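Here is my note on the model you sent round, set out as numbered points so that each can be checked by eye.

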Amino acid sequence: MRPAEGEQVTSWLVRTGHRYDLSPQQLLAAMGVPTTLTRIATVEEHVGRNRDVIAAHFGLRGLALGARGDVLAYCLNSLLGTYRYLYLDHRTHIITAKGSRYCPMCLADNGGAWLERWRSPLYPVCFEHDVLLERHCPTCGRPPWSTGGWMVRTRESWSCTEAAPGERPRRARTFSCGEDLRTAPTRSATPQQLETARLIESLALSAVRDADESLEVAGVSSDRLDYFTALLELLDERNHGERTVFEVSGDPEVVIEGLGVALRVLDAPDVTSCAAVADSYGLLDPNGSHTPIAGDTRGRARHPLLGAIRLLSVAEHLSPAAQLTFRTGRLRPRYPVSDRRPRHPAEPVAEQIPLAWIPQQLWPGVLAPHIADEDYKARACAAMFLARLGTPRPWQLIAVDLGLPRSFAAYPPALLRRLRATGTWPDFLRSLETLADQLIESPPPIDYSERRWNANDTDLVTKVMHYALEHAPHPGRYDGPTKHLIQVFWELYTGSDLRLAPEPFGLAEHVHPHHQAVRARIGTGHDDLFAAAAIHLAEATTTGSSDIPLWWQPP
């Protein structure tokens with residue numbers, strides 16, 4: 001008996017076995033591939049491994065069963081698996097449906113063949129008869145195929161093999177229900193439900209076939225895979241995280257209603273109207289678990305498209321620190337990357353800027369006119385702003401990571417208030433994002449974290465400079481104290497300012513003008529000396545490369 005188009009493996013085994021008056025278990029044993037398995041997923045795997053043997057017994061070439069013969073079922077299961085892996089449970093992306101929905105009229109018309117697509121939670125409607133699929137046997141109230149009774153009984157495929165009413169399903173011996181599912185009552189689908197279901201089918205096929213194809217959703221750049229998983233995320237939020245909507249035991253009417261709402265939300269022309277439609281349905285809740293603004297924003301994996309829509313809609317109401325964390329200066333802001341799940345290739349990349357790329361104070365001129373070159377505290381604060389992009393790290397921790405005093409954490413909030421009071425904060429934030437993009441495109445060749453660590457050992461820096469002076473072929477013409485050369489080298493090596501240096505290199509404010517005059521006198525005539533000292537320091541610490549430049553400036 002050749003399988004019907006898109007027929008479930010279990011359905012074909014039951015129908016074929018009944019033809020020879022055998023149970024599916026006896027049928028497999030007669031073909032030389034015996035098994036005692038009863039779970040649908042494991043039986044399908046067993047049949048798949050022995051497909052050629054089974055096909056040879058029946059003279060069937062190119063035996064295609066289950067999802068192999070149903071492209072739509074494959075697409076729906078693949079998309080739901082991807083969604084579950086990324087946003088619900090990253091331990092598995094495999095969909096193992098327990099039971100199956102069914103269309104009574106299809107069972108009556110096609111000889112009892114159960115279609116593979118009926119096992120997808122995202123397929124709620126039979127288009128051939130314009131009815132909602134059923135999920136329970138009307139007599140016993142249990143989902144068909146949800147236990148292993150089908151594997152050991154010889155019955156027609158339309159006969160319910162679940163335990164009869166009053167029987168416990170897991171007893172060794174039970175009476176089966178035996179209800180003729182072809183006669184089960186049906187519910188007609190409304191035109192709106194049919195239209196929604198057809199649209200979901202079309203979107204699923206295109207999301208698998210053209211997953212990376214770009215499109216705009218509410219004015220936000222996205223792709224087809226992102227768009228479809230956003231629909232599923234809204235469906236999950238609509239049902240308050242109730243997982244039955246992603247199982248075949250879920251009510252098809254609830255699934256199709258939730259997907260219809262999700263489509264209406266994402267069909268809005270811009271972010272503002274999209275957020276308004278979402279608010280009217282209680283979706284994209286800033287205080288909820290899917291798109292939160294406050295609290296632990298890294299606890300649950302966040303959908304990048306929905307996150308961008310929600311963050312853009314409230315960006316102007318966020319504090320400057322929150323705008324840095326959510327990167328609202330970009331065209332597509334995002335939540336901080338969750339460290340509780342693996343990232344997927346489909347997820348857009350917008351990483352935090354590594355601390356190794358950030359000097360203790362930002363390079364001169366990169367944020368002009370917002371930050372003056374002579375304002376060393378503002379430049380150090382700007383470095384902290386760059387380190388805060390895309391992360392909720394507190395200012396105290398960032399200060400310590402950049403080698404600044406812990407007390408320096410009080411300066412960034414003050415500078416943020418000043419920028420906001422003068423109305424220059426939005427332009428400054430965009431300039432900071434532009435700088436971040438530049439660094440991602442052309443990363444610094446210098447590991448500033450490593451250099452901060454090396455230069456913190458002032459005794460080693462002093463010894464290295466004396467060694468370089470003793471062995472340099474051209475030590476330069478500066479006849480002042482060696483301490484001045486060491487201080488200038490420390491500034492060049494770390495990209496910092498002596499007013500932020502550790503003792504004994506650090507300078508007080510009133511002494512710094514004298515140091516600037518000394519640095520002007522030293523000029524560039526000692527660059528070879530300083531480069532040699534950097535090489536010696538790298539060799540002494542055995543942590544760095546000796547072929548990197550002494551200093552660097554973004555292009």
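The points below go from the whole chain to its cores, then to one glutamine and one pair of helices.

1. The coordinates are those of a predicted model, and everything that follows should be read with that in mind. The chain has 555 residues, of which 51% are buried, and its secondary structure comprises 22 helices and 5 strands.

2. Counting only contacts with a separation of 6 or more, 67% of those in the chain are between residues 24 or more positions apart. The exposed area of the chain is about 25,200 Å², and carbon and sulfur atoms supply 51% of that area.

3. The largest nonpolar core has 78 residues, and within this core W118, F228, L231 and L266 are the ones that touch the most other members. Helix α9, which covers residues 224-238, gives the core its largest share, namely 8 residues. As a general background to such an arrangement, nonpolar side chains in soluble globular proteins tend to be buried together.

4. F228 deserves a look of its own, since it is among the residues that touch the most other members of that core. Once its neighbours within four places in sequence are set aside, F228 is in contact with L79, L122, I200, L203, A204 and A207. Separate from this core there is a second one of 42 residues, which includes Y376, A409, L416 and L500.

5. Is Q360 buried or exposed? Q360 lies in the loop between α13 (320-326) and α14 (376-388), and with a relative accessible area of 5% it counts as buried, because that value falls under the 20% cut-off.

6. What does the side chain of Q360 reach? It reaches the backbone oxygen of L402 at 3.0 Å, and a polar contact of 2.3 Å joins the side chain of Q360 to that of S496. Leaving out residues up to four places away in sequence, Q360 touches A380, A383, L402, G403, L404, R452, W490, T494, G495, S496 and L500; L500 is also a member of the second core.

7. The last point concerns helix α11 (residues 271-280) and helix α12 (residues 304-314), which pack at an angle of about 105° with their axes 9 Å apart. Helix α11 is therefore roughly perpendicular to α12, since the range for that description runs from 65 to 115 degrees. On the α11 side the contact is made by V271, C274, A275 and D279, and on the α12 side by I309, R310, L312 and S313.

Key. Residues are numbered from 1 along each chain as its sequence is written. This is a predicted model: local features need pLDDT of at least 70, side-chain atom pairs count only at pLDDT 80 or more; totals for chains, interfaces and linings use all residues. Side-chain values use heavy atoms; hydrogens and water are left out. A nonpolar core is a set of buried Ala, Val, Leu, Ile, Met, Phe, Trp, Tyr and Cys residues joined through side-chain atoms within 4.5 Å. Buried means under 20% relative accessible area, exposed over 50%, partly exposed in between (1.4 Å probe, protein chains only). Helices (H or I, at least four residues) and strands (E, at least two) are DSSP runs, numbered from the N terminus. Contact means heavy atoms within 4.5 Å. Accessible areas come from the Shrake-Rupley method with a 1.4 Å probe; for residues, only the protein chains shown count as cover. A polar contact is a pair of N or O atoms within 3.5 Å; within protein, one must be able to donate a hydrogen and the other to accept it, and residues adjacent in sequence count only if both atoms are side-chain atoms. Axes are lines fitted to C-alpha atoms, for helices over the stretch in contact, and angles run from 0 to 180 degrees between N-to-C directions. Angles under 35 degrees count as roughly parallel, over 145 as roughly antiparallel, 65 to 115 as roughly perpendicular and the rest as oblique.
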